[in-house]
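Got the viewer open? Here's a short tour, stop by stop, with something to select at each one.

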Amino acid sequence: MPDGSEGDVLLQVDDLVKYYPVRRGVVFKRTVGQVRAVDGVSLTLRRGQTLGLVGESGSGKSTLAKLLVGVEAPTSGRILVEGVDVSGMKRAERRRLRRTIQLIFQDPYTSLNPRMSVGEIVGEAFAIHPDAAPKGARTKAVRELLDLVGLNPDHLNRYPHQFSGGQRQRIGIARALAVKPRILICDEPVSALDVSIQGQVINLLEKLQDELGLAYLFIAHDLSVVRHIADQVAVMYLGRTAETGTDVQVFEQTRHPYSRALMSAVPLPDPTLRDTRRPIVLEGEVPSPAAPPSGCRFHTRCWLAPIVAGREGGDGTGVPSVCSTVQPELEQQEASGHLAACHFAADVTSEAVGHD
Ligand SMILES: Nc1ncnc2c1ncn2[C@@H]1O[C@H](COP(=O)(O)OP(=O)(O)O)[C@@H](O)[C@H]1O
Ligand code: SF4
Ligand SMILES: [Mg+2]
């Protein structure tokens, strides 16, 4: 598997920001604030690579996905697709380039038009991007796509309700593949499916990656799925990246207290580690991204901050002053490519919390 330092960069995101206005009022809708859904995210995706994106609900993962496929426009920041800045492009150019990145939705039950046949759903992409398949060959192309995702090509005249959840997700994948993308953004693609079906869809995605050389941004709640599929991992908290690195770096050499808490809930393959590792329970809800905490956004829930404050003195609330006043930037850890945004990243060793 690629280790992140090699291969061609397909997608590069620099300091991406998306704020949604908060509006109040019945007669006049006044803007009274901003939801900082994505607030300075950078990432790199290379050919054939899978970047797993994790974080609690509300951390900005779906917003990031929407920015990448152009459903939403960023407030600021840059998106480079194969080295070309998308924001400076004309519409037609942008649409051509956008073909490169396709989205697979979370919910296979609502993302397919119930009044369209499978053939129409998958073939619709050819109407938007006519050069993806020549006019006379479109039915043949649809049949090929259905076969590629493990569906019976003879079922192209059936409707979505005639398929199971897993089969519908395959239809969604076939639709995304119709325009020959290089990158698939998979926004929790299996979380609406039965556990028994999830594995089949994951296997299909892995097979397609091998056969077609696709790169994936794979968003998931379930960390064991990410552990299985991702080469690189990014952990998001309240619109920002808390930690990023290879799967081994983030899962085993964890350097951010937030990721450490998420990881502690994942079953470990190594039973000796499993026995000595204590789960860290995250207290409280994720704060509102309309009013994120000062300094480090995680300081209101961080389990490490009180430990450090006990040692070094704090701001009177059991949190080191630097945590409540200074926003930590992503910084290089020991190994190359491993970045964490915590003033006390060096204290997040497995010894510090992982063992009783
Ligand atoms: N169109 C929108 N208008 C206002 N707020 C939004 C909009 N879309 C998402 N948000 C807010 O942005 C934050 C991040 O949401 P989202 O990207 O869906 O997170 P995730 O996918 O990680 O659960 C949430 O607080 C959500 O309520
Ligand atoms: S900077 Fe402080 S509050 Fe933020 S994660 Fe690190 S220790 Fe916790
Ligand atoms: Mg989401």
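Start with how the empty spaces are found: on a 1 Å grid over the protein atoms alone, a cavity is a set of points where a 1.4 Å probe fits but cannot get out, a pocket is an open set with protein on both sides within 12 Å along at least five of seven lines, and lining residues have an atom within 4 Å of a point. This is a predicted model, so local features need pLDDT of at least 70 and side-chain atom pairs count only at pLDDT 80 or more, while totals for chains, interfaces and linings use all residues. Residues are numbered from 1 along each chain as its sequence is written, and side-chain values use heavy atoms, with hydrogens and water left out.

**Stop 1: the second largest cavity.** Select H256, P257, C296, F298, H299, C302, L304, A305, C323, C342, H343 and F344, which line this cavity. The space inside is about 90 Å³ (a volume is the space filled by probe spheres set on the points, with grid points joined across faces, edges and corners). Its lining splits into nine nonpolar, three polar and no charged residues (Ala, Val, Leu, Ile, Met, Phe, Trp, Tyr, Cys and Pro count as nonpolar, Asp, Glu, Lys and Arg as charged, and the others, Gly among them, as polar).

**Stop 2: the largest cavity.** Now pick Y237, R240, T241, A242, H256, G295, C296, R297, F298, Q327, P328 and A341. They surround about 130 Å³, and the largest share of the lining, three residues, comes from strand β10 (residues 240-246). Strands (E, at least two residues) and helices (H or I, at least four) are DSSP runs, numbered from the N terminus. Here the lining has six nonpolar, four polar and two charged residues.

**Stop 3: helix α9.** Select 257-264: is this helix buried or exposed? Eight of its eight residues are buried, so α9 is largely enclosed by the rest of the structure (buried means under 20% relative accessible area, exposed over 50%, partly exposed in between, with a 1.4 Å probe and protein chains only).

**Stop 4: the largest pocket.** Show V69, V71, R98, Q102 and H129, which lie nearest the pocket's centre among its 37 lining residues. Elements giving two or more residues to that lining include α2 (91-98) and β6 (101-104). The pocket holds about 840 Å³.

**Last stop: the loop at V26.** V26 sits in the loop between β1 (9-24) and β2 (30-46). It counts as exposed because its relative accessibility is 80%.

Notes:
Chains lettered and ligands numbered in written order.
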